[in-house]
Amino acid sequence: MPLTLLTGANSFVGAHVINSLIAAGHNVIGTVRRGNLIEEIFAIHPEWKEKLEIIVVKDYAEESSWDEVFKKYPFDHIVHVAAPLLDAPTNTDYERDFLKPTVDGNRAILQSAARNAPSLKSIAVTGSVNALTTGMPDELLKGPITNETWLPISQDEARAANNNYISYCSAKKEGELAIWDFVKTAKPTFSVTVLLPALIFGPPLQPVRGGVKGLNYSVNVIYSFFNGSQTTIPATSFPSFVDVRDLADAHVKALTHAPAANRRLLINGKPMTYTQLVHALAKVPELAGRLPADSGEDANVTFAKFEADADNELLGIKFHTVEETMADTARKLLELEKLDG
């Protein structure tokens with residue numbers, strides 16, 4: 001069985017990647033930054049214990065931390081999910097909280113792996129469509145977004161903007177550029193694939209402290225549609241999404257699918273509006289009377305023209321429908337609501 005390193009084991013995407021890796025026959029070493037998270041993960045997923053070991057790596061941007069890990073374990077693959085979060089309340093400074101940890105974190109794990117992991121065959125990295133675009137209408141109207149598109153914002157412009165979302169987008173771009181610079185200059189023996197999802201929705205598998213009070217950003221978007229905080233459907237923040245389970249499967253497939261090696265891959269890229277999501281949630285009987293009224297927001301959405309079909313076909317992912325994603329997410333959130341009660 002292949003041995004695979006997964007960074008960010010307690011994260012929304014990370015938990016689903018663990019599930020997909022185990023289902024695909026991998027043994028997994030997952031990393032977290034704090035030891036208390038190990039018990040929290042196994043408390044809700046005891047079924048993972050036979051195939052998953054979780055270790056603490058306190059500083060993902062410190063190369064020596066990874067040196068120790070790679071010297072101990074003979075990894076075949078890596079899935080690198082961990083990255084700074086947009087919605088973390090302490091993340092307020094472009095350089096300190098977004099740019100440096102993203103760029104240095106990517107470089108540290110790549111450089112250490114190149115020196116210390118001779119059996120390593122491939123790395124799949126969770127990138128973001130925000131390395132390509134902020135989703136602002138003026139960007140989307142300029143033409144199709146492809147796997148060769150890059151965010152048209154420089155580091156200096158991001159600093160001047162002093163805006164967390166712009167900081168996040170810029171860091172995603174710069175962090176990915178650091179990856180491809182490494183591939184070009186170091187010419188590692190392992191391949192690298194970067195997955196580029198838009199908004200990521202789906203049922204949370206990760207530990208969620210305090211029930212629905214501890215939801216990650218994207219899942220909380222869905223919960224906001226039926227938690228009483230919205231009387232009418234709000235404006236769509238980004239006009240595309242992927243189901244987290246499909247994204248997790250894409251990471252796992254990219255590890256061993258030769259055509260995915262050393263490529264950026266857009267994942268799904270189908271158009272979406274918040275009105276469409278709410279209408280899908282309306283098919284869940286338990287949400288009767290809890291959803292916001294139509295606002296006509298979908299008439300004002302500027303859709304992204306993603307050229308993602310070839311990338312989707314390359315990995316052979318069968319995507320969940322909007323209705324499936326919303327129903328499964330809603331039912332999980334209703335379970336978490338009961339924990340608050």
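## Starting with what buried means

A residue is called buried here when its relative accessible area is under 20%, and exposed when that area is over 50%. With that in hand, helix α2 is a good place to begin: the helix spans residues 36-44, and L37, I41 and F42 are buried in it. Seen down the axis of α2, the buried residues fall within an arc of 130 degrees, so they line one face of the helix.

The face of α2 turned away from this buried side carries E39 and A43, which are exposed. On the buried side, the cover includes two strands, β2 (27-32) and β3 (52-56). Please keep in mind throughout that this is a predicted model.

## The chain as a whole

Stepping back, the protein chain holds 12 helices and nine strands. Its radius of gyration is 19 Å, close to the 20 Å that the globule rule gives for 341 residues, so the chain is as compact as a globular protein of that length. If you are thinking about box dimensions, the C-alpha atoms fill roughly 55 × 45 × 40 Å along the principal axes.

How much of the chain is buried? Of the 341 residues, 56% count as buried. Contacts reach far along the sequence too: among those with a separation of 6 or more, 80% are between residues 24 or more positions apart.

## Surface and charge

The protein chain exposes about 14,800 Å², and carbon and sulfur atoms supply 52% of that area. On the electrostatic side, there are 32 positive and 41 negative charges, and the mean positions of the two sets are 4 Å apart.

## Two partly exposed residues

N19 is found in helix α1, which covers residues 12-23. With a relative accessibility of 36%, N19 counts as partly exposed. Leaving out residues up to four places away in sequence, N19 touches W48 and L205. For a sense of scale, N19 and L120 are 101 residues apart in sequence, and their C-alpha atoms are 21 Å apart in space.

E286 belongs to the loop between α10 (274-281) and α11 (309-315). This residue is also partly exposed, at 45% relative accessibility. Beyond residues up to four places away in sequence, E286 touches R331 and L334. From E286 to N262 the sequence distance is 24 residues, while the C-alpha to C-alpha distance is 45 Å.

## Positive phi outside glycine

Two residues deserve a look if you check backbone torsions. The phi of N162 is near 50 degrees, a positive value in a residue other than glycine. N162 is found in the loop between α6 (155-161) and α7 (164-186), and N162 is exposed, with a relative accessible area of 65%.

K187 is not a glycine either, yet its phi is positive at about 45 degrees. K187 is placed in the loop between α7 and β6 (191-196). As for its surroundings, K187 is exposed, with a relative accessible area of 65%.

## Two prolines in loops

Is P292 buried or exposed? P292 is buried, with a relative accessible area of 6%, and its place is in the loop between α10 and α11. Leaving aside neighbours within four places in sequence, P292 is in contact with F225, Q230, T231, T232, I233 and V278. P292 and D309 are 17 residues apart in sequence, and C-alpha to C-alpha they are 33 Å apart.

P239 lies in the loop between α8 (217-223) and β8 (241-243). Its relative accessibility is 4%, so P239 counts as buried. Which residues does P239 touch, not counting residues up to four places away in sequence? They are L140, K270, P271, M272, V301, T302, F303 and A304. A further distance you may find handy is the one to H77: the C-alpha atoms of P239 and H77, 162 residues apart along the chain, are separated by 32 Å.

Terms used:
Residues numbered from 1 in each chain as written. Predicted model: local features only at pLDDT ≥ 70, side-chain atom pairs only at ≥ 80, totals over all residues. Heavy atoms only, no water. Helix = DSSP H or I, 4+ residues; strand = E, 2+ residues; numbered from the N terminus. Rg over C-alpha atoms; globule rule 2.2 N^0.38 Å. Buried < 20%, exposed > 50% of the residue type's maximum accessible area, 1.4 Å probe, protein only. Contact = heavy atoms within 4.5 Å. Areas by Shrake-Rupley, 256 points an atom, 1.4 Å probe, with all protein chains shown as cover. Lys, Arg positive; Asp, Glu negative; His and termini not counted. Charge placed at Lys NZ, Arg CZ, Asp CG, Glu CD. Arc of directions from axis to C-beta.
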